[in-house]
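Please open the model in your viewer, with the sequence panel beside it, and keep a way of selecting residues by number at hand. The tour below moves from one selection to the next and says what is to be found at each stop.

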Amino acid sequence: MRSAWFLSVYRVKVYRYLLTVWLLALSGLSAAVESDIAQQRLENVTQVTLGILSYTRWPDHPEQLQLCITGPTEYADHLLMQPMAIANRPVVTRRVPLDDKALEDECHAVYIGFIPDAENKALFARLKDKAILSIAEQNDSCSTGSMFCLQFGRNGEVTFLVNLDSIARSAVRVHPNVLLLGKRRNEG
């Protein structure tokens, strides 16, 4: 009788141990998959951003594009890590504080992270009538000033919404093929 009880307790402990090992292995696999998706998302953000920039024309035809990143971002780090060029034109990427006048004076494109609505509106009031392309990382509705708003899928894919009103009011010109690739903001 005592050995049957001991055997059942032993089985329970073995099952718990196996369950723990299985759960740990599963969580490790899940973390690896999430890490791969995050890396893919970083690379895709870079590709989409450079793609948008490559089909944009500025009235002053700059020899070197200044891409400025402002606000806390989740996916812009890859843009800062490597030297980039579009059609043999260098793209210089740097972080610029939200309140820095360089955003409107020196930047050809602004990649916008998370900033509160009031500050977002103030930023676009400053950028109004400037030849500056705007890409937002954290603007799901794409209704507050940004020309392009990145959208993130579950498996690392990155698409974008297009705010045609903001593009039409800007001094930059975006090739119609890029506009066709994105979703219009009211199609969402």
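Begin by selecting T73 together with whatever surrounds it: leaving aside its neighbours within four places in sequence, T73 is in contact with R95, Y111, G113 and E137, where contact means heavy atoms within 4.5 Å. This is a predicted model, in which local features need pLDDT of at least 70 and side-chain atom pairs count only at pLDDT 80 or more, while totals for chains, interfaces and linings use all residues. Residues are numbered from 1 along each chain as its sequence is written, and side-chain values use heavy atoms, with hydrogens and water left out.

Stay with T73, which sits in the loop between β2 (65-70) and α2 (77-81); helices (H or I, at least four residues) and strands (E, at least two) are DSSP runs, numbered from the N terminus. Show the side chains of T73 and R95, and you will find a polar contact of 2.8 Å joining them. A polar contact here is a pair of N or O atoms within 3.5 Å, and within protein one must be able to donate a hydrogen and the other to accept it, with residues adjacent in sequence counting only if both atoms are side-chain atoms.

**The strands around R95**

From R95, extend the selection to strand β4 (residues 89-95), which runs parallel to β2 and is joined to β2 by five bridges; two strands pair if DSSP finds at least two bridges between them. Which residue is the bridge partner of I69 in β4? The partner is R95, the residue whose side chain you have just seen in polar contact with that of T73.

Next add strand β3 (residues 84-86), which pairs with β4 in the antiparallel sense over three bridges, with I86 standing opposite R89 in β4. β3 and β4 form a hairpin with two residues between them, and A87, in the turn, has a positive phi of about 50° although it is not a glycine. Most residues other than glycine have a negative phi. A87 is exposed, with a relative accessible area of 74%, on a scale where buried means under 20% relative accessible area, exposed over 50%, and partly exposed in between (1.4 Å probe, protein chains only).

For another residue of this kind, select D129, in the loop between α4 (117-127) and β6 (133-136). Phi of D129 is near 65°, a positive value in a residue other than glycine, and D129 is exposed, with a relative accessible area of 66%.

**The disulfides**

Now select the cysteines and show their sulfur atoms: the count comes to two disulfides, a disulfide being a pair of cysteine sulfur atoms within 2.5 Å. C68 and C107 form a disulfide with their sulfur atoms 1.9 Å apart. C68 lies in strand β2 and C107 in the loop between α3 (102-105) and β5 (109-112), so the pair ties together parts that are 39 residues apart in sequence. The torsion about the S-S bond of C68 and C107 is about -90°, so this disulfide is left-handed. C68 counts as buried at 0% relative accessibility, and C107 counts as buried at 5%.

Move on to C142 and C149, whose sulfur atoms are 2.2 Å apart in a disulfide. The torsion about the S-S bond of C142 and C149 is about 80°, so that disulfide is right-handed. C142 is buried at 0% relative accessibility, and C149 is buried at 0% as well.

**The aromatic pairs**

Finally, show the aromatic rings, where the count comes to two aromatic pairs. Rings of Phe, Tyr and Trp (its six-membered ring) pair if their centres lie within 6.5 Å, and planes under 30 degrees apart count as stacked, over 60 as edge-to-face and the rest as tilted. Y75 and F152 form a tilted pair, 4.4 Å centre to centre with 40° between the planes. That pair links Y75, in the loop between β2 and α2, with F152 in strand β7 (residues 148-152), 77 residues apart. Is each ring's residue buried or partly exposed? Y75 counts as buried at 9% relative accessibility, whereas F152 counts as partly exposed at 28%.

F148 and F160 form an edge-to-face pair, 5.6 Å centre to centre with 75° between the planes. F148 lies in strand β7 and F160 in strand β8 (residues 158-162), so the pair ties together parts that are 12 residues apart in sequence. Both F148 and F160 are buried.
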